[in-house]
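Colleague: Before I use this model any further, I would like a close look at one part of it, set in the context of everything around it. Could you take me through that part step by step, starting with how its geometry is described?

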Amino acid sequence: MNTTVVGSRVLREDAWGKVFGQTKFPADVNLPDQIYGVVVRSPYPHARVREISITQAMEMPGVVAVLSAKDVPHNSHGVLFRDQPVLADYIRMVGDPVAVVGAETLEIARAAAKLVQVDYELMPAVFDPEEAMLPEVLPLHPELCPTNILYHMPIRRGAMDKGWALADVVIEQDYRTQHIDHAFLQPEALLAYVDERGHMVVQTATQYAHYDRGEIAHALGLRFSQVQVKTLAVGGAFGGREDISLQIIAALMALKTLRPVKMENTREESFYSHSKRHPMRMHYKTGASKDGKLVAMEAKIIGDAGAYASWSINVLRKSAVHATGPYEIPNVSIDSYAVFTNNPFSGAMRGFGAAQTVLAYESQMDLLAKELKISPLEIRLRNHFRVGSTTATGQVLTSSVPLDQCLAKIAPYLQKGEDT
Amino acid sequence: MKKRGIGIGCAWYGTGYGNGFPDVSSAFVEIHDDGSATVLTGAVDVGQGSNSIYAQIAAEELGLESQDICVYSADTDVTPDSGTTAATRQTYNTGNAVLKAVRQAKSRLLDYAAREFSCPTIEGIELKAGYIGIKGDPSRRMPLADMVFKARLHGQRLISAESSTARSTPVDLETGQGAPYWPYAFGSQMAEVEVDTETGMVSVLKVVAVHDVGKAINPTQVEAQIAGGVAQGLGYALLEELELQEGRIKNPALSSYLIPTALDVPNIEAFFVEEAEETGPFGAKGLGEPAMLPTVAAVINAIDDAVGVRITSLPATPEKILHALAVKKEELAKK
């Protein structure tokens with residue numbers, strides 16, 4: 001297709017503002033008369049809140065309000081299920097927000113947050129996803145599922161016995177990936193206020209303003225038409241700004257005090273206010289015939305969902321669907337699981353479950369190539385998807401599968417320098 | 001000793017929400033008296049440059065320049081819902097919605113222009129380089145602005161609202177069979193590393209990344225997206241790990257939770273392959289997430305190529321590499 005503007009190296013409109021420091025990020029916007037919000041977070045991974053005493057904090061000059069679970073009209077939010085409290089009275093992870101302090105200055109708010117006394121009743125916690133799967137372990141979300149197994153996705157294709165019979169070489173191996181943080185450069189920040197129309201306005205950095213609006217409206221009992229979420233410049237997101245972080249807490253404080261509320265996370269607070277990439281344990285068994293063709297694959301994938309559901313079902317589904325890699329394998333058996341634990345909750349992060357499996361399936365390819373005495377490039381050339389290929393879910397790839405072109409372009413670069 | 005190795009990684013990625021979940025983007029468009037236009041969409045530009053992509057798509061369709069288009073996004077009082085900026089879906093999904101909306105607003109202009117030019121079908125009208133005129137007859141054209149002005153003076157309003165929905169179906173709950181995503185994006189990367197056998201340190205010397213984008217709407221942004229993905233992939237492969245103790249984060253700071261800095265990122269050669277995705281805007285599909293996927297595999301496979309050890313848990317820290325080298329030495333000694 002002949003195009004002129006599409007396909008050209010147009011300069012981004014936002015480039016100059018960013019280069020010259022004129023771009024407004026949520027940390028840069030303020031209103032006269034604003035107060036500052038600071039969140040009190042649980043230091044325990046699993047507990048009930050028996051009592052919160054705010055007397056001492058409220059006595060501090062400059063403190064405007066201290067709010068907790070009882071002050072939230074509808075105390076829940078969540079992308080798939082509303083299983084996450086705005087302000088928790090039942091703690092499922094370290095960092096769960098328990099209270100929010102509003103004060104005239106940030107310094108006062110931080111000092112007062114230390115004076116909020118929370119009486120916790122500690123409960124046994126589980127941190128190992130395989131242990132959490134055991135039926136005798138206390139379920140963290142009995143209202144969602146009777147055990148901690150939030151989700152299981154099986155994929156069955158072909159016949160495994162037939163597949164293994166065809167295999168001349170079999171590689172069986174365990175792989176593990178770690179918890180990681182999005183580490184976007186701009187920690188969560190926002191400004192929330194009730195404007196002259198009586199509407200709740202939240203200016204923030206998010207990945208989905210319309211979702212935020214719905215969750216704020218739900219939690220505070222407002223109409224969608226009374227809530228405006230305006231996205232300012234976003235300093236990186238990578239999936240870490242999909243769940244609600246401070247949006248509802250700040251809006252709640254603004255609604256209760258009728259003062260503009262400014263909140264900005266420190267880096268440490270940021271680590272506790274958004275999701276993590278799912279750590280995964282992956283057991284892989286892959287077989288190939290002498291001619292270097294993949295014939296069978298079995299995989300078991302366990303993803304640590306942490307304390308809340310977030311996107312875990314979709315993430316582990318994506319892991320299963322992509323578990324073979326971009327290769328045709330006629331006989332496949334895959335089981336992926338998302339499991340609740342008392343670790344920080346896992347959610348969306350660039351790659352979304354399809355990032356972890358790359359470690360496993362591409363390592364298997366190199367190990368098979370070594371056994372078969374063919375090159376890593378060669379084994380990929382013999383198995384990769386092309387137009388007309390069928391995936392493990394039985395989907396036929398009808399067009400636009402140019403992996404052959406990608407590999408052709410990579411091939412000349414497969415040379416290394418000398419050891420020193 | 002410093003030993004060199006190379007590794008390949010390939011990856012695929014089903015873009016969009018998938019599994020039959022309604023994956024819908026919307027856009028509002030208005031073409032103004034002077035021939036410029038405004039696009040309103042809920043899609044958040046998270047820094048990846050989606051607003052620029054929509055400006056290019058709208059400009060292309062209207063025969064304008066990118067700077068003739070105002071894209072305003074992600075303000076719920078003004079813009080329609082365009083779904084999350086996630087799932088590698090905004091160039092494809094919202095790009096499609098913008099294109100549909102522009103075409104709808106444009107169709108009214110074409111109707112009006114066809115009558116003005118005494119052309120019995122809008123098929124005979126084209127918008128090009130700021131002009132609207134008869135296809136094949138360069139003598140019969142006028143500035144787009146003049147035609148829009150005339151049309152508006154006669155009561156025409158060149159506004160539109162459109163939505164675009166990606167295709168996918170839920171998979172079977174027992175067999176996982178189905179067509180859960182469309183389109184899929186592919187990519188392949190190679191990494192060259194140098195492993196210090198004394199310290200276990202891995203230096204990544206070079207990454208070559210080739211990604212399937214359908215159509216590169218903005219090649220500079222494609223290259224930037226790939227570079228960012230590779231950098232993030234290197235962090236995942238070699239550096240980043242949240243250290244937890246009973247659910248508590250032991251390293252909640254960028255001084256102890258290490259992400260790649262400019263000094264850790266090697267020379268990256270970014271290439272793209274253009275094989276049009278017929279359902280995408282001008283053939284485009286998304287690149288956001290795929291860009292970081294193959295890096296981990298390329299690095300881990302390169303480490304094995306360099307020193308003959310297979311790291312099976314991320315990140316591949318110097319400790320893990322030294323341990324694997326020691327185990328390997330022991331095994332060799334036994335033989």
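Modeller: An axis, in what follows, is a line fitted to C-alpha atoms, for a helix over the stretch in contact, and the angle between two such axes runs from 0 to 180 degrees between their N-to-C directions. The model is a predicted one, and the part I would single out is helix H5 (293–307) of chain B, a helix that packs against H10 (residues 356–372) of chain A and also against H4(B).

I begin with the partner from the other chain. The axes of H10(A) and H5(B) lie 9 Å apart, at an angle of about 40°. Angles under 35 degrees would count as roughly parallel and those of 65 to 115 as roughly perpendicular, so H10(A) and H5(B) are oblique to each other; the crossing in which H10(A) passes H5(B) is right-handed. On the H10(A) side the residues that meet H5(B) are A:Val358, A:Leu359, A:Glu362, A:Ser363 and A:Asp366, and H5(B) answers with B:Leu293, B:Pro294, B:Val296, B:Ala297, B:Ile300, B:Asn301 and B:Asp304. Divided by class, the residues of this contact are 7 nonpolar, 2 polar and 3 charged.

Within its own chain, H5(B) packs with H4(B) at an angle of about 50°, their axes being 8 Å apart, so this pair of helices too is oblique, and the crossing of H4(B) and H5(B) is right-handed. Here H5(B) contributes B:Thr295, B:Val296, B:Val299 and B:Ile300, which meet B:Val230, B:Gly233, B:Leu234, B:Tyr236, B:Ala237 and B:Leu238 of H4(B). The contact of H4(B) with H5(B) holds 8 nonpolar and 2 polar residues, with no charged ones. B:Val296 and B:Ile300 are thus listed in the contact with H10(A) and again in the contact with H4(B).

The contact between the chains, seen as a whole, involves 99 residues of chain B and 98 residues of chain A. On the chain B side, the elements giving two or more residues include H5 (293–307), helix H4 (219–239), helix H1 (50–62) and strand S1 (2–14), and it is S1(B) that supplies the largest share, 12 residues. Sorted by class, that side of chain B has 47 nonpolar, 30 polar and 22 charged residues.

A further detail lies along the chain after the helix: B:Leu314 and B:Pro315 are joined by a cis peptide bond, with omega about -10°, and B:Pro315 belongs to the loop between H5 and helix H6 (318–334) of chain B. A cis bond also joins B:Trp182 and B:Pro183, where omega is about -5°, and B:Pro183 sits in the loop between strand S8 (159–165) and S9 of chain B. Such bonds deserve a look in any model, because most peptide bonds are trans.

As for the chain that carries H5(B), chain B has 6 helices and 13 strands. Its C-alpha trace spans about 90 × 45 × 40 Å along the principal axes, and its radius of gyration is 26 Å, whereas a compact globule of 335 residues would come near 20 Å. Chain B is divided into domain 1 (2–14 + 183–334), whose bounds take in the residues of H5(B), and domain 2 (25–163); the C-alpha centres of these two domains of chain B lie 39 Å apart. Their contact takes 16 residues from domain 1 of chain B and 14 residues from domain 2 of chain B, and on the domain 1 side these residues divide into 8 nonpolar, 6 polar and 2 charged.

Chain A, which brings H10(A) to the contact with H5(B), is likewise assigned two domains, domain 1 (34–123 + 182–273) and domain 2 (131–179 + 276–413). The C-alpha centres of those domains of chain A are 37 Å apart, and 17 residues of domain 1 of chain A are in contact with 19 residues of domain 2 of chain A.

Terms used:
Residues numbered from 1 in each chain as written. Chains lettered and ligands numbered in written order. Predicted model: local features only at pLDDT ≥ 70, side-chain atom pairs only at ≥ 80, totals over all residues. Domains from an automatic or database assignment. Contact = placed C-beta atoms within 7 Å. Helix = DSSP H or I, 4+ residues; strand = E, 2+ residues; numbered from the N terminus. Nonpolar A, V, L, I, M, F, W, Y, C, P; charged D, E, K, R; others polar. Parallel < 35°, antiparallel > 145°, perpendicular 65-115°, else oblique. Left-handed = near helix turned anticlockwise from the far one by under 90°. Rg over C-alpha atoms; globule rule 2.2 N^0.38 Å.
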